[in-house]
Amino acid sequence: ARIYSYGEGQPNLNVTTDKDGKFTLAPICEGGVRIGVNYSRQSPYMYADAFVQAGDTNVEIMLTPEGNSGRRAAPKPKSLVGKALPAVLSDPNQFDGKAVLVCVWDYQQRPSRFAVRELARKAELLADKGVAVVVLQGEPVDKAAVEGWLKESKIAFKLDMIAADAEKTRRELGVQGLPWMILTDKAHQVVAEGFGVEGVEAALEKVK
């Protein structure tokens, strides 16, 4: 499996586990660090991440097809399909009369950045379908840094930030791993969730 570290003030390291799944990341700065893990040599793709402290020597991360966050697999959140999108956007009224695609991501994660870049390639298609796109930063981070990356990448999607308890908000949104996409209809009822960029076209067919 591929292992990589990221986080404010931490180095971006990449290593591969040995045949027993063991790994070491060094050097790591003092404090907390996020560790991402992915394994793509079989189907389905598996991904997980964990928040740990520098110096931890017995970190176990479980990979599952659904993905998980933390040292242990968390209970699977309830589906939002058929329900109203939770009130997590800073100004939901700006999308009155429009379907909304919310991409919950973490710009500090390589898989998230890749997904947003690929989603940007479909910006014209989404606009033609009358779908507004919001990239919702799912982890606490400096907003200016995220805005800078979006500008540098020439991505014009609306940016929103999870303002309060990030873990609680992600749970309310049914997020099982980042990035996580949620599509609503014009009444802001969820019609699809958890699909990848390659599934956008199929999800759009559910928008009435």
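This is a short conversation about how to read a predicted model of one protein chain.

Visitor: What should I know before I start?

Guide: The model is predicted, and local features need pLDDT of at least 70, side-chain atom pairs count only at pLDDT 80 or more, while totals for chains, interfaces and linings use all residues. Residues are numbered from 1 along each chain as its sequence is written, and side-chain values use heavy atoms, with hydrogens and water left out.

Visitor: How many helices and strands are there in the protein chain?

Guide: Helices (H or I, at least four residues) and strands (E, at least two) are DSSP runs, numbered from the N terminus. Here the protein chain has five helices and ten strands.

Visitor: And how do I judge the overall build?

Guide: One handle is the radius of gyration, taken over C-alpha atoms and set against a globule rule of 2.2 Å times the number of residues to the power 0.38. For this chain the radius is 17 Å, close to the 17 Å the rule gives for 208 residues, so the chain is as compact as a globular protein of that length. Along the principal axes, the C-alpha atoms fill a box of roughly 50 × 35 × 30 Å.

Visitor: What share of the residues is buried?

Guide: Buried means under 20% relative accessible area, exposed means over 50%, and partly exposed is in between (1.4 Å probe, protein chains only). Buried residues make up 46% of the 208 in the chain. For the surface itself, areas come from the Shrake-Rupley method with a 1.4 Å probe, and for residues only the protein chains shown count as cover. The total is about 11,600 Å², with 49% of that belonging to carbon and sulfur atoms.

Visitor: What do contacts tell me?

Guide: Contact means heavy atoms within 4.5 Å. Among contacts with a separation of 6 or more, 57% are between residues 24 or more positions apart. Take V33, which lies in strand β3 and is buried at a relative accessible area of 4%. Leaving aside neighbours within four places in sequence, V33 touches S5, Y6, Q10, I28, A50, F51 and V52. V33 and S5 are 28 residues apart in sequence, yet their C-alpha atoms are 6.8 Å apart in space.

Visitor: How do I read strand pairing?

Guide: Two strands pair if DSSP finds at least two bridges between them. Strands β3 and β4 run antiparallel and are joined by eight bridges, with N38 standing opposite Y47 in β4. Strand β4 (residues 46–53) is mostly covered, as six of its eight residues are buried.

Visitor: In what order do the strands of the open sheet come?

Guide: The five strands run β8-β7-β6-β9-β10, with mixed pairing. At the edges are β8 (158–161) and β10 (190–193), each pairing on one side only. Neighbouring strands in this sheet are turned by 25° against each other on average, direction ignored. Strand β9 (residues 180–184) pairs with β10 in the antiparallel sense over three bridges, and L183 stands opposite A192 in β10.

Visitor: Which strands does α1 touch, and which does α3 touch?

Guide: For the angles, axes are lines fitted to C-alpha atoms, for helices over the stretch in contact, and angles run from 0 to 180 degrees between N-to-C directions. Helix α1 packs on the sheet against β6 (99–105), β7 and β9, its direction making about 155° with that of β6. Helix α3 packs on the sheet too, touching β6, β7 and β8, and its direction makes about 160° with that of β8.

Visitor: How many salt bridges are there?

Guide: A salt bridge is a side-chain nitrogen of Lys or Arg within 4 Å of a carboxyl oxygen of Asp or Glu. That rule gives five. One joins K19 and D20 at 3.7 Å, N to O; K19 is exposed at 80% relative accessibility, and D20 is exposed at 54%.

Visitor: Where do E139 and R34 sit?

Guide: Their side chains meet in a salt bridge at 3.0 Å, N to O. This pair links distant parts of the chain, 105 residues apart: E139 is in the loop between β7 (131–137) and α3 (143–152), and R34 is in strand β3 (residues 32–39). E139 is buried at 9%, and R34 is buried at 14%.

Visitor: What about E201 and K122?

Guide: Their closest N and O atoms are 2.8 Å apart in a salt bridge. E201 is in helix α5 (residues 200–204), and K122 is in the loop between α1 (110–120) and α2 (123–128), 79 residues apart. E201 is partly exposed at 35%, whereas K122 is buried at 18%. Elsewhere, salt bridges that share partners join R34, E139 and R170 into one network.
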